[in-house]
Amino acid sequence: MASQSGDTGSSLLNSNHEEISIVVQIMKTINIKVKRSERIKDFKAKFQDKIGVPGKILGLFFAGKELKDNQTLFQYLVENNSTLNLVLECATVIKLFVRLPPNHRTVVLEADTKDSIQNIKAMIQDKEGIPQNCFILDYSGIRLDDSKTLVDYFILKDATVQVVFNPNDMMNISVKTEHGKTLRLVVMLFYTIQDVKSIIECLCGILVVRQRLVYDGSVLVDCNTLASYNITEESEIHMVTTRLLY
């Protein structure tokens, strides 16, 4: 029995020093490699240095419990692929690039990561004279909510946001197939590429999973929007079909 107890103790010690992969959620999900024997304090410092998160870390939480600096990940039973949540106090001045249609001219703003999207739109109105009720802002294919902040969307230094006019207006685009046939679609700027593929499937029966859409030399990603690729009225997209693999 003593031998079994010693084996158990040795196993726990080895488990304590095991390297595991955990997920830290801030505004987006980040994977990071850590040792379970690391103190929470050391992990926070390493994480902030590696990822470059702005502002002070107010707290790190796991399973609804705040992790104390002098404890280790092992003591909180943090396992491989566990998800931790990080709370930040962000007050960082950044350069924000704003791209304007139709010629994609870019202007630069000085903003705080705690600024709301509404405040950013007001800055654009002051700088460019564009009434803020005439446009919305897009970041990486995501329509930005006026009531949220830059840091809510993990928009940090040197990020670029896109001004989109009349985002809910319908527009006409063309999809040209590899056989020379042209499909005319009526869409909205904030339709995703997946939405467009679904429309094409309804029109001509080509399954969504077989469609590969290309615009301006770039393959379009399903989760992104038409706006994120600057696809506007009368744009032409090319479609290539692929074989299904079983």
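Helices (H or I, at least four residues) and strands (E, at least two) are DSSP runs, numbered from the N terminus. The views below show a predicted model, in which local features need pLDDT of at least 70, side-chain atom pairs count only at pLDDT 80 or more, and totals for chains, interfaces and linings use all residues. Residues are numbered from 1 along each chain as its sequence is written, and side-chain values use heavy atoms, with hydrogens and water left out.

**View 1. The whole chain holds 4 helices and 15 strands.** Let us start with the overall picture. Of the 246 residues, 41% count as buried, where buried means under 20% relative accessible area, exposed over 50%, and partly exposed in between (1.4 Å probe, protein chains only). About 13800 Å² of the chain is exposed, and carbon and sulfur atoms supply 50% of that area; accessible areas come from the Shrake-Rupley method with a 1.4 Å probe, and for residues only the protein chains shown count as cover. Among contacts with a separation of 6 or more, 55% link residues 24 or more positions apart; a contact means heavy atoms within 4.5 Å.

**View 2. An open sheet of 5 strands runs in the order 7-6-10-8-9, with mixed pairing.** Strand 7 (105-112) and strand 9 (142-143) are the edges; each has a single partner strand, so one side of each is left without a neighbour in the sheet. Two strands pair if DSSP finds at least two bridges between them. Strand 8 (residues 135-139) meets strand 9 in the antiparallel sense over 2 bridges, and here Y139 stands opposite I142. Helix 3 (residues 117-128) lies across strand 6 (93-100), strand 7, strand 8 and strand 10 (159-165), and runs at about 130° to strand 7. For such angles, axes are lines fitted to C-alpha atoms, for helices over the stretch in contact, and the values run from 0 to 180 degrees between N-to-C directions.

**View 3. Another open sheet has 5 strands in the order 12-11-15-13-14, again with mixed pairing.** Its edge strands are strand 12 (182-188) and strand 14 (218-219), each pairing on one side only. Look for helix 4 (residues 193-204), which lies across strand 11 (170-176), strand 12, strand 13 and strand 15 (236-241) at about 135° to strand 12. Strand 13 (residues 211-215) runs antiparallel to strand 14, joined by 2 bridges, and Y215 has S218 as its bridge partner.

**View 4. Strand 11 pairs with strand 12 and with strand 15.** Towards strand 12 the pairing is antiparallel, over 7 bridges, with M170 opposite M188. These two strands form a hairpin with 5 residues between them, and G180 in the turn has a positive phi of about 90°. Towards strand 15 the pairing is parallel, over 3 bridges, and V175 has I237 as its bridge partner.

**View 5. Two asparagines, N81 and N230, have positive phi values.** N81, in the loop between strand 4 (65-66) and strand 5 (83-89), has a phi of about 70° although it is not a glycine. N81 counts as exposed because its relative accessible area is 53%. N230 sits in the loop between strand 14 and strand 15, with phi near 60°.

**View 6. L207, V209 and L244 make a nonpolar surface patch.** Together they offer about 240 Å² of accessible area. L207 belongs to the loop between helix 4 and strand 13 and, at 36% relative accessibility, counts as partly exposed. Patches are made of residues with over 30% relative accessible area and no salt bridge (a side-chain nitrogen of Lys or Arg within 4 Å of a carboxyl oxygen of Asp or Glu); like charges are joined within 9 Å, and nonpolar side chains (Val, Leu, Ile, Met, Phe, Trp, Tyr) within 5 Å.
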